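Please open the model in your viewer and keep the selection panel at hand. The stops below move from one selection to the next, each with a short account of what is there.

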Amino acid sequence: MLPVQKPTPQYRTLDEIRLRKEELAESLQRDNQQFEKLWKQLFVPRKESTKGEFISGLISNGITAFDTFLLVRKLLKNYGGIFGRKKRK
């Protein structure tokens, strides 16, 4: 479906053009302010973590990485032919 084109207004004087330019500038300013508010809400700064939370995060990430390594190893062992490796006899 073709996009609907809005009729372009006819301007007869420079004052009409200036007035329309000011209206558009105000509209852009309002939209920019609203965009800034939404952007600031999107990225909320994280709170400072304590040493205990930092260490628990490291341990959690380490366990996740180790578990992922074991899973990939098991998948390659059982389904190595699918991933381009020949199966051992």
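Which side chains meet in a salt bridge at 3.9 Å, N to O? Select K47 and E53: their side chains form that salt bridge, with the 3.9 Å distance running from N to O. Bear in mind, here and at every later stop, that this is a predicted model. Colouring the pair by accessibility sets its two members apart, because K47 is exposed, with a relative accessible area of 67%, whereas E53, at 38%, falls in the partly exposed class, which lies between the 20% and 50% cut-offs.

Before going further, zoom out to the whole protein chain and switch to a cartoon representation, in which two helices and zero strands should appear. If you then draw the surface, you will be looking at about 9800 Å² exposed by the protein chain, of which carbon and sulfur atoms supply 60%. Of the 89 residues in the chain, buried ones make up 1%.

Next, select residues 14–42, which are helix α1, and within that helix pick out D15 and R18, which lie three residues apart, about one turn of the helix. D15 and R18 form a salt bridge whose closest N and O atoms are 3.4 Å apart. As for their surroundings, D15 counts as exposed at 55% relative accessibility, while R18, with a relative accessible area of 48%, is partly exposed.

Stay in helix α1 and move the selection to R20 and E23, which are likewise three residues apart, or about one turn of the helix. Here, too, the side chains meet in a salt bridge, with a distance of 3.7 Å from N to O. How accessible is each partner, R20 and E23? R20 counts as partly exposed at 35% relative accessibility, and E23 is also partly exposed, its relative accessible area being 40%. With this stop the tour of the salt bridges is complete, since the structure holds three of them under a criterion that places a Lys or Arg side-chain nitrogen within 4 Å of an Asp or Glu carboxyl oxygen.

For the last selection, turn from charged side chains to rings and show F35, W39 and F43 as sticks. What do F35, W39 and F43 form? The three residues form one aromatic cluster, and a search of the whole structure finds two aromatic pairs.

Technical notes
Residues are numbered from 1 along each chain as its sequence is written. This is a predicted model: local features need pLDDT of at least 70, side-chain atom pairs count only at pLDDT 80 or more; totals for chains, interfaces and linings use all residues. Side-chain values use heavy atoms; hydrogens and water are left out. Helices (H or I, at least four residues) and strands (E, at least two) are DSSP runs, numbered from the N terminus. Buried means under 20% relative accessible area, exposed over 50%, partly exposed in between (1.4 Å probe, protein chains only). Accessible areas come from the Shrake-Rupley method with a 1.4 Å probe; for residues, only the protein chains shown count as cover. Rings of Phe, Tyr and Trp (its six-membered ring) pair if their centres lie within 6.5 Å; planes under 30 degrees apart count as stacked, over 60 as edge-to-face and the rest as tilted.
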